[in-house]
Amino acid sequence: MPRFHNINGTKVQFTAEEETARDTEETNWSNAAPTRALNILREKRNKLLAETDFYGNSDKEKGTNLSSAFKTWRQDLRDITEGLTTVEEVEGVVFPTKP
């Protein structure tokens, strides 16, 4: 299906070169979808980790340790992106429940 520009209210069909360039842009955008999805997942994960960093920092200063469940939860968050290669896999991620 041909594409068109709107130039001063007039439809002008893309040239062959413009069609090729646009096809390349759309392919690149589509191919980058998993990376974009992983970045969004990482942002959510990093926010959860940042919200609880003070637990680890304050416990270290007091000389105590985090509970095993809390350590496991934080490690599960850090590992949550491992092995994900498709948008569907990323969208299917369920965050672990905070202890």
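In this predicted model, F70 is a buried residue, with a relative accessible area of 9%. W73 counts as buried too, at 3% relative accessibility, and the two residues can be taken together, since they are three residues apart in helix α3, which covers residues 68-79, and are thus separated by about one helical turn.

The structure holds one aromatic pair. The pair is formed by the rings of F70 and W73, whose centres are 5.5 Å apart and whose planes meet at 45°, so the arrangement is classed as tilted, given that planes under 30 degrees apart would count as stacked and those over 60 as edge-to-face.

The helix that carries both rings can be considered next. Helix α3 has twelve residues, which at 1.5 Å a residue should span 16 Å, and the C-alpha atoms at its ends are indeed 16 Å apart, so the expected and computed spans agree. Its buried residues are F70, W73, R74 and L77. When the helix is viewed down its axis, these buried residues fall within an arc of 95°, and they therefore line one face of α3.

Aromatic rings also take part in contacts of another kind, in which a charged group is placed over a ring. The charged end of K11 sits over the ring of F4, at 4.7 Å from the centre of that ring. In a second case R36 lies over the face of W29, where the distance to the ring centre is 3.5 Å.

Technical notes:
Residues numbered from 1 in each chain as written. Predicted model: local features only at pLDDT ≥ 70, side-chain atom pairs only at ≥ 80, totals over all residues. Heavy atoms only, no water. Phe/Tyr/Trp six-rings, centres within 6.5 Å; stacked < 30°, edge-to-face > 60°. Helix = DSSP H or I, 4+ residues; strand = E, 2+ residues; numbered from the N terminus. Buried < 20%, exposed > 50% of the residue type's maximum accessible area, 1.4 Å probe, protein only. Lys NZ or Arg CZ within 6 Å of the ring centre and 35° of its normal. Expected span 1.5 Å × (residues − 1). Arc of directions from axis to C-beta.
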